[in-house]
Amino acid sequence: MTDNYEFEEEEFNTRFNGKTILRILAQARPHWKMLAGFLASIITVSVLDAIFTYLSKLIIDEGILAGNTERLYQLVGIYAGLIFLSALGVFIFIALAGGLGERIQYDLRKKMFARLQDLSFSYYDRTPVGWIMSRVTSDSQRIAELVSWGLLDTSWGIFGIGSSVIFMFIINWKLALIVLMIVPILVIVASIFQKYILGEYRKVRKLNSQITGAYNENITGVRVSKALGREKRNLEEFRQLTSPMYQASFRAAWLSALFLPVVQLISAIGIGSIAWYGGWQVSIGDLTIGGIQAFISYVIFMLFPVQEMARVYAEMQRAVASAERVFSLIDSVPDITNKAGASDPGSLRGDVEFEHVCFYYEEDKPVLNDFTLHVKAGETIALVGPTGAGKSTIVNLIARFYEPRQGVIRIAGRDYTDWTLHGIQSRIGIVLQTPHLFSGTIRDNIRYGRLNATDEDVERAAKTAGAHEFIITLEKGYDEQVGEGGVLLSVGQKQLISLARAILADPDIFIMDEATSSVDTLTEALIQKGMERILSGRTSFVIAHRLSTIKRADRILVIEKGRIEEIGSHAELIRQKGHYYRLYTQQFRRELEQEYNPYEGLPVAGD
Ligand code: ADP
């Protein structure tokens, strides 16, 4: 299956890592007051729990058995008073644990978001979006849960058991030693069970994600499957995945069912030993009836935290795997950063030069090799050539989404790495082939070009771009919602809005990837007009698919396999009768016949 599964695999192979656990705990440091309040209340409640059992011993021995009613009332009074204190403590630590988890999750998400904004395109080339989304959502949540509820269960367990043990020693140290032998056995058994149960659940999760993938592929590709008669084969593959998942789920359920009786059996042995040895101690006067009752209560009381701690321990492994991925995202270093001493260019109105530029995305696949180009300020360059030739790469380099591996790109007279990234990118306007719109209104989307623009500025930009005409035909005009990613608009309309956005930003350099998908004639004409306005007086690079744009460019760059095959104006290239001439006569013939004078610009007979 796809990359996503390789990425998912990591979770199942991660080992316990002390450093990561410390780093997880360090997330609570900025909220140390909450943590301190949490620990104080949980210690109070744990000690009170142990005191309650001790009080019940006193009530039996000194109140009931001794027939001392006054003492009985006194003790019951203390018990009731402490119950309120304990309830308050429970309320405080649960509220603080939840709050702490939320804060940590918020911090982690904020850090990840900030990092994701900084990371370069190359990071997004390598990393599937689904992987990033899981880090931001489920992994950060899992870490937060471990810090809040995991910490709660563990500290309640440790302090609860600790105070019980102290009180047991106060009552009868010999019997306390016997109980202490049972606790480690319980811990070991519980841990073993949890380890296996979790292992099975992990298998279920892994298989489940594969099944979801298979579902996804089959649903999205249902037409192809049907057309190729693959249904039977797909069903068989699906069965091969579901069967082990069913078995793993069954084993997990079976182990869970066995776990509780085993724990009960061990504690029954413990209680039996207390009854046997304690009974004898009572007979020789070393232990009271209340004392033996208290011991039994302590053992029963310990069962729950021991089980919980074993579960938390097993969960911790998953949280560590989550944390390692979250931290790897936070620690990712952007490939492109500001050089020390980089300055703001002030303006990018100046020549754009590529000097012996080499570039590759993957080391063994060069895309541009020794690429040299000099574009004068204000020139419009049309880039043409087959798919995969390197046109987008050239404009990506100009926008500094990537930097040359070798050679220099100079803008306005300086190596562009001398300028700050923001200084460059804020002065370059880009309209993509399928422009991205953010959910919100049309007005918001245009204003994205310059956030402090007034409504009048927005409308003026829309008019210049030629977008105004279609916007006012919409029911709510500029306040119409565009839907997520602009789904409610056509590609042509999205391009018009992007043009308006770019015009509002008033960039020094303009880059456009023309839409290849069909746009209706009216929108097409509007886009042409808008483009003309934004191109004039600006250094522009257009990955051109339309003849009209190409002909209007000052120079045409014919790119093939990352090299400039030809460069010149339309008339010059036509005269050369080379690549461009062939492209022109073959690819644009239909366009030519439909809309243009077929003889315009073509070589005169006998030329
Ligand atoms: P064009 O815009 O002319 O269609 P591109 O610049 O998109 O060409 O692509 C040039 C070459 O670089 C192609 O071989 C393409 O497969 C490769 N390429 C483009 N983008 C990436 C990327 N993000 N990661 C790896 N290879 C890429």
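Which residues lie nearest the centre of the largest pocket? In this predicted model, the answer is Gln117, Phe121, Phe401, Phe438 and Tyr448, and the full lining of the largest pocket comprises 36 residues. The volume of the largest pocket is about 1900 Å³. Its lining residues divide into 22 nonpolar, 11 polar and 3 charged. Several elements contribute to this wall: H4, helix H5 (121–126), H6, helix H12 (421–425), E6 and helix H16 (491–505) each supply at least two residues of the lining.

The aromatic residues of the pocket lead on to the ring contacts. A pair of aromatic rings is described by the distance of the centres and the angle of the planes. The structure holds 16 aromatic pairs. One of these joins phenylalanine 93 and tryptophan 156 in an edge-to-face arrangement, with 5.0 Å from centre to centre and 70° between the planes. This pair links distant parts of the chain, since phenylalanine 93 belongs to helix H4 (residues 69–118) and tryptophan 156 to helix H6 (residues 129–171), 63 residues apart. Phenylalanine 93 counts as buried because its relative accessibility is 0%, whereas tryptophan 156, with a relative accessible area of 29%, is partly exposed.

Phenylalanine 438 and tyrosine 448 make another pair: their ring centres are 4.5 Å apart and their planes meet at 25°, so the pair is stacked. This contact, too, links distant parts of the chain, with the two positions 10 residues apart in numbering: phenylalanine 438 is in the loop between strand E6 (428–431) and helix H13 (442–447), and tyrosine 448 is in the loop between H13 and helix H14 (455–465). Phenylalanine 438 is partly exposed, at 33% relative accessibility, and tyrosine 448 is also partly exposed, at 48%. Both belong to the residues nearest the centre of the largest pocket.

Phe121 and Phe401, which are also listed among those nearest the pocket centre, take part in one aromatic cluster together with Phe359, Tyr361 and Tyr402. Charged side chains meet aromatic rings as well. Arginine 405 lies over the face of tyrosine 360, at 4.5 Å from the ring centre. In a second contact, the charged end of lysine 195 sits over the ring of tyrosine 196, 5.7 Å from its centre.

Attention now turns to the strands. Strands of a sheet pair through backbone hydrogen bonds, either parallel or antiparallel. Here, 4 strands form an open sheet in the order E2-E1-E4-E5, with antiparallel pairing. Strand E2 (366–375) and E5 are the edge strands, each pairing on one side only. Within the sheet, strand E1 (residues 352–360) and strand E4 (residues 406–411) run antiparallel and are joined by 5 bridges. Valine 352 has isoleucine 411 in E4 as its bridge partner.

On to the next pairing, E4 and strand E5 (residues 414–415) are antiparallel and joined by 2 bridges. Isoleucine 411 stands opposite arginine 414 in E5, while arginine 410 has aspartate 415 in E5 as its bridge partner. Isoleucine 411 thus appears in a bridge with valine 352 and opposite arginine 414. E4 and E5 form a hairpin with 2 residues between them, and alanine 412 in the turn has a positive phi of about 50°.

Methods. Residues numbered from 1 in each chain as written. Predicted model: local features only at pLDDT ≥ 70, side-chain atom pairs only at ≥ 80, totals over all residues. Heavy atoms only, no water. Phe/Tyr/Trp six-rings, centres within 6.5 Å; stacked < 30°, edge-to-face > 60°. Buried < 20%, exposed > 50% of the residue type's maximum accessible area, 1.4 Å probe, protein only. Lys NZ or Arg CZ within 6 Å of the ring centre and 35° of its normal. Pairing = 2+ DSSP bridges. 1 Å grid on protein atoms, 1.4 Å probe; cavity = no way out; pocket = protein on both sides within 12 Å on 5 of 7 lines; lining within 4 Å. Points joined across faces, edges and corners; volume = space filled by probe spheres on them. Nonpolar A, V, L, I, M, F, W, Y, C, P; charged D, E, K, R; others polar.
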